[in-house]
Amino acid sequence: MTACARRSPGAWSRSKQTIPHFYVSVDCELDALLALRAQLNDAAPRKDNAPAYKLSVNDMVIKAMALALRDVPDANVSWTESNMVKHKHADVGVAVSIPGGLITPIIRKAEEKTLSTISNEMRDLGKRAKDRKLKPEEYQGGTSSVSNMGMMGVKNFAAVVNPPHATILAVGAGEQRVVVKKGEMTIATVMSVTLSTDHRCVDGALGAELLQAFKGYIENPMGMLV
């Protein structure tokens, strides 16, 4: 097996120094997504007394990001020294913490995969990342990244773009908040997300368009199943 490379603090520092970062944030309501997730998990077929899959919120975030990149292709790009590359597929890296740094195993062609496939791939990649058993092709490249610190109770943060990606989505914790709907206060489960972009190829307007597409899938999650 091949030992994992990782992003060192110096690499992140160089990224921050050399890439002109721009940030866009939005709040997403999660109640419809949580209800669909529970329904899909309850319906999972069983094999050897274990469910065939167990979807997490992060699995659905990965799928929503991939579909948003598909819908906003001008944001599915990379900046290189010679030109700007537009990608045909959404290969979404997912930040995984390992001793001494981070590594981003990649879900290839995530826009084409079912939620159950993404979930099972992510579970396998995450385990092997922590065991330092990923192959280079499983963590090199990609077109964008997701960094989810919500499970650690973090409400909101901004992630550093991971070259050659032009975007990275920072995902905070879902929490119950008071929101106003039709002039009345109600309680909703809300998640704050921040998109960091390489402003050389994804400007503020394009970043906002990508984030709105992502929000649409999160708040209307049935769209991820068709």
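Partly exposed, on this tour, means a relative accessible area between the buried range, under 20%, and the exposed range, over 50%. Keep that in mind, because Glu121, at 25% relative accessibility, counts as partly exposed, and it's our first stop. One thing before you click: this is a predicted model.

**Stop 1: Glu121 and Lys113**

Select Glu121 and Lys113. The two form a salt bridge, with 2.9 Å between their closest N and O atoms. Lys113 is buried, because its relative accessible area is 19%. Side chains of opposite charge can pair when their charged atoms come close.

**Stop 2: a bridge across the sequence**

There are 13 salt bridges in the structure. For another of them, select Glu29 and Lys181, whose side chains meet at 2.8 Å, N to O. Glu29 sits in strand E1 (residues 21-29) and Lys181 in strand E11, so this pair ties together parts that are 152 residues apart in sequence. Are these two buried or exposed? Neither: Glu29 is partly exposed because its relative accessibility is 24%, and Lys181 is partly exposed too, at 40%.

**Stop 3: a salt-bridge network**

Now pick Arg177 and Glu175. They form a salt bridge as well, and the closest N and O atoms are 2.9 Å apart. Arg177 has a relative accessible area of 17%, so it is buried; Glu175, with 29%, is partly exposed. Add Asp27 and Lys155 to your selection: salt bridges with shared partners join Asp27, Lys155, Glu175 and Arg177 into one network.

**Stop 4: a nonpolar patch**

Switch on a surface view and select Val178, Val180, Met185 and Ile187. Together they form a nonpolar patch on the surface, with about 450 Å² of accessible area. Which strands supply the patch? Strand E11 (167-181) and strand E12 (184-198) each give at least two of its residues. Zoom in on Val180, which belongs to strand E11. Val180 counts as exposed because its relative accessibility is 59%.

**Stop 5: Lys182**

Step along to Lys182, in the loop between E11 and E12. With a relative accessible area of 88%, Lys182 is exposed. Look at its backbone, too: phi is near 55 degrees, a positive value in a residue other than glycine. Most residues other than glycine have a negative phi, and most peptide bonds are trans.

**Stop 6: two more backbone spots**

Lys109 also has a positive phi, near 50 degrees, and is not a glycine. You'll find Lys109 in the loop between strand E9 (106-107) and helix H4 (115-130). At 38% relative accessibility, Lys109 counts as partly exposed.

Next, jump to Pro163 and Pro164. The peptide bond from Pro163 to Pro164 is cis, and its omega is near 10 degrees. Pro164 is in the loop between strand E10 (144-148) and E11.

**Stop 7: Met65**

Select Met65, which lies in helix H3. Is Met65 buried or exposed? It counts as buried, because its relative accessibility is 1%. Show what surrounds it: setting aside neighbours within four places in sequence, Met65 is in contact with Ser144, Val146, Thr167, Leu169, Leu195, Leu210 and Phe214. You can also draw a C-alpha line from Met65 to Ile168; it spans 9.8 Å, although the two are 103 residues apart along the chain.

Slide back to Ser56, in the loop between strand E3 (50-51) and helix H3 (57-71). Ser56 counts as partly exposed because its relative accessibility is 26%. Its C-alpha is 9.5 Å from that of Ala38, with their positions 18 residues apart in sequence.

**Stop 8: the cysteines**

Select Cys28 and Cys201. Cys28 counts as buried, because its relative accessibility is 0%, and Cys201 counts as buried at 9%. How many disulfides does the whole structure have? A search finds zero. A disulfide is a covalent bond between the sulfur atoms of two cysteines.

**Last stop: colour by confidence**

Finally, colour the model by pLDDT. The protein averages 92, and 93% of the residues score at least 70. Then select residues 1-6, where pLDDT stays under 50. The model has 23 contacts beyond four places in sequence for residues 1-6. Where pLDDT is low, the predicted coordinates should not be read in detail.

Technical notes: Residues numbered from 1 in each chain as written. Predicted model: local features only at pLDDT ≥ 70, side-chain atom pairs only at ≥ 80, totals over all residues. Heavy atoms only, no water. Helix = DSSP H or I, 4+ residues; strand = E, 2+ residues; numbered from the N terminus. Buried < 20%, exposed > 50% of the residue type's maximum accessible area, 1.4 Å probe, protein only. Patch = residues over 30% accessible without salt bridge, like charges linked within 9 Å, V, L, I, M, F, W, Y side chains within 5 Å. Areas by Shrake-Rupley, 256 points an atom, 1.4 Å probe, with all protein chains shown as cover. Salt bridge = Lys/Arg side-chain N within 4 Å of Asp/Glu carboxyl O. Disulfide = S-S within 2.5 Å. pLDDT = per-residue confidence, 0-100. Contact = heavy atoms within 4.5 Å.
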